[in-house]
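This report describes how the strands of one structure are arranged. The sequence and the model are shown below.

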Amino acid sequence: IRDRSVPNELRDELYEVWNQMGVFGRVYIADEGINAQVSIPQQNWEIFKDSVRNNDLFRDVKIKKAIQEGSSFYKLKIKVRKELVAYDVPKESYDMRKVGKHLTASEYNLALDREDSTVVDMRNYYESEIGRFENAIIPDVETSKELLPEVKNLLKGKENEKILLYCTGGIRCEKTSAFLKHHGFKDVNQLHGGIIDYARQLEDNKELANKFKGKNFVFDQRLGERISNEIVSNCHQCGAPCDTHVNCANESCHLLFIQCDDCKRQMNLSLIHI
């Protein structure tokens, strides 16, 4: 790379190196950083970590690891974006040098138990409907562009209270916490590594209480990773307890919805009889 600050050149370098390792996944690069969700063949894990550590741009990047069987991605995509998350708020409305305090799973659990804590889910509605922390505020918005102003509005009057943010891997909370601090919120906290790392810490420490209910929505072929046995959502067709997302098979639709096995079986039978 001639100029390592240029996202397009970084994209080309990463694709060449990671593609040779058999890395699959989805990677976004912007001037503000990188967001990568990737799957790596186990035999290449150490080589992959070395490729990250040896890149000066990734000196402070945290790698969150989860072991899985089977495929989660089927190819490698690396794209350059204007923002890692398309919040589309003015740059003068936040300062990424002043983000919220990062809490471990244990610290987050303790903060959740405090009466003066307000918990905010920074994900999309279809993510939070299958899994969430109890009593979390779920902003009712359709797009990411609406999210930050809506969260600020929902938290109006709580500027001096403890705010707890969480999201999938921590990326969305970074800008949110900077945005809230810029707008006068004094005690802004975020779950370090998001739900993904919360689950890892639960696995590493069996004595740690699990306060997350249901599944963590993931943006790969699995569409969900179970964190607890509770089912907090319902089939969109019959209303039975269910937390399995499926994509509508209709080519003109492709809507993501929750469907139980019984409804899936009945719909397949209906299609066969048409």
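## A parallel sheet of four strands

In this predicted model, Leu 103 has Leu 191 as its bridge partner in strand 8. The bridge belongs to the pairing of strand 4 with strand 8, which spans residues 187-191; the two strands run parallel and are joined by three bridges.

Both strands are part of an open sheet of four strands, arranged in the order 4-8-7-5 with parallel pairing. Strand 4 (101-103) and strand 5 (117-121) are its edge strands, and each of them pairs on one side only. From one strand to the next, the twist averages 30°.

## An antiparallel sheet of three strands

A further open sheet consists of three strands in the order 6-9-10, and here the pairing is antiparallel. Strand 6 (131-133) and strand 10 (225-226) each have a single partner strand, so one side of each is left without a neighbour in the sheet.

Strand 9, which covers residues 212-216, pairs with strand 6 in the antiparallel sense over three bridges. Within this pairing, Gly 131 stands opposite Gly 214 of strand 9.

## A hairpin

Strand 1 and strand 2 form a hairpin, with two residues between them. Strand 1 comprises residues 24-30 and strand 2 residues 33-39; seven bridges connect them in the antiparallel sense. Val 27 stands opposite Ala 36, a residue of strand 2.

In general, the strands of a sheet pair through backbone hydrogen bonds, in either a parallel or an antiparallel manner.

Terms used: Residues are numbered from 1 along each chain as its sequence is written. This is a predicted model: local features need pLDDT of at least 70, side-chain atom pairs count only at pLDDT 80 or more; totals for chains, interfaces and linings use all residues. Side-chain values use heavy atoms; hydrogens and water are left out. Two strands pair if DSSP finds at least two bridges between them. Axes are lines fitted to C-alpha atoms, for helices over the stretch in contact, and angles run from 0 to 180 degrees between N-to-C directions.
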